[in-house]
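Here is my note on the model you sent. The points are numbered so that you can reply to each in turn.

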Amino acid sequence: MRRATVLGAGALLALAAVAVSSAESLVEEDAPEEQATPDLLGQGLWRVFTGLDPRTRLDVHDVAGGDRRVLWPPNWRVCTQYPAPGTPRHARGRVVVGVVKKGETCPERVTSARR
């Protein structure tokens, strides 16, 4: 009976040590690191999706005026982006891109007011 108690206490200590070490690693991972926003203008939307950090929130808007939904990212390319290329942002930050279908030109109102 005494041996079972010692083993139970040892297992409890081992679990507590694992919990503390995993909590420390979570704290380190939650710290947002700053990175520069890449230049996305003219790139295909699929390349943007795969090139950004997976934690980045990406908002996509059709700037051609049709308010179309982006259902197949390889068929679209980027005309505008916010924040501007080179701007520091957190890995979990937000990036907003304006897109048109491949083969279409970016609207004049968009190219003159690029962000």
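1. Arginine 68 is partly exposed, because its relative accessibility is 30% and buried means under 20%. Its salt-bridge partner is glutamate 104, with the closest N and O atoms 3.0 Å apart. Glutamate 104 also counts as partly exposed, at 27% relative accessibility. The pair links distant parts of the chain. Arginine 68 sits in the loop between strand 2 and strand 3, and glutamate 104 in the loop between strand 5 and helix 3 (108-112). They are 36 residues apart. Please keep in mind that this is a predicted model.

2. Which residues are linked in a network of salt bridges? They are Arg57, Asp59 and Arg94. Aspartate 59 bonds to arginine 57 with the closest N and O atoms 3.3 Å apart. For aspartate 59 and arginine 94, the corresponding distance is 2.6 Å. Aspartate 59 belongs to strand 2 and arginine 94 to strand 5, so this salt bridge ties together parts 35 residues apart in sequence. A search of the whole structure gives 5 salt bridges.

3. Is aspartate 59 buried or exposed? Aspartate 59 counts as buried, because its relative accessibility is 13% and the cut-off is under 20%. Arginine 94 is partly exposed, with a relative accessible area of 46%.

4. Strand 5 (residues 94-101) deserves a paragraph of its own. Of its 8 residues, 6 are buried, and the strand is mostly covered. It pairs with strand 2 (residues 57-62) in the parallel sense, over 6 bridges. Within that pairing, leucine 58 has valine 95 of strand 5 as its bridge partner. Strand 3 (residues 76-82) runs antiparallel to strand 5, and 6 bridges join the two. Here tyrosine 82 stands opposite valine 96.

5. Next, the nonpolar interior. The largest nonpolar core has 10 residues. Among them are Leu40, Leu52, Leu58, Trp76 and Val78. Helix 2 (45-51), strand 3 and strand 5 are the elements that give two or more residues to this core. Strand 5 provides the largest share, 3 residues. Val95, Val97 and Val99 are all listed in the core. In a regular strand, side chains alternate between the two faces of the sheet. A second, separate core has 5 residues, including Val63, Val100, Cys106 and Val110.

6. What does leucine 45 touch, leaving aside its neighbours within four places in sequence? The contacts are Val60, Val70, Pro73, Trp76, Arg77, Val97 and Val99. Leucine 45 is itself one of the residues of the largest nonpolar core, as are Trp76, Val97 and Val99.

7. Finally, the overall picture. The protein has 3 helices and 5 strands. From the N terminus on, the order is α-β-α-β-β-β-β-α. Take contacts between residues at least 6 apart in sequence: 73% of these join residues at least 24 apart. Buried residues account for 26% of the 115 residues. The exposed area is about 8000 Å², and carbon and sulfur atoms supply 58% of it.

Key. Residues numbered from 1 in each chain as written. Predicted model: local features only at pLDDT ≥ 70, side-chain atom pairs only at ≥ 80, totals over all residues. Heavy atoms only, no water. Buried < 20%, exposed > 50% of the residue type's maximum accessible area, 1.4 Å probe, protein only. Helix = DSSP H or I, 4+ residues; strand = E, 2+ residues; numbered from the N terminus. Pairing = 2+ DSSP bridges. Contact = heavy atoms within 4.5 Å. Areas by Shrake-Rupley, 256 points an atom, 1.4 Å probe, with all protein chains shown as cover. Salt bridge = Lys/Arg side-chain N within 4 Å of Asp/Glu carboxyl O. Core = buried A, V, L, I, M, F, W, Y, C linked by side-chain atoms within 4.5 Å.
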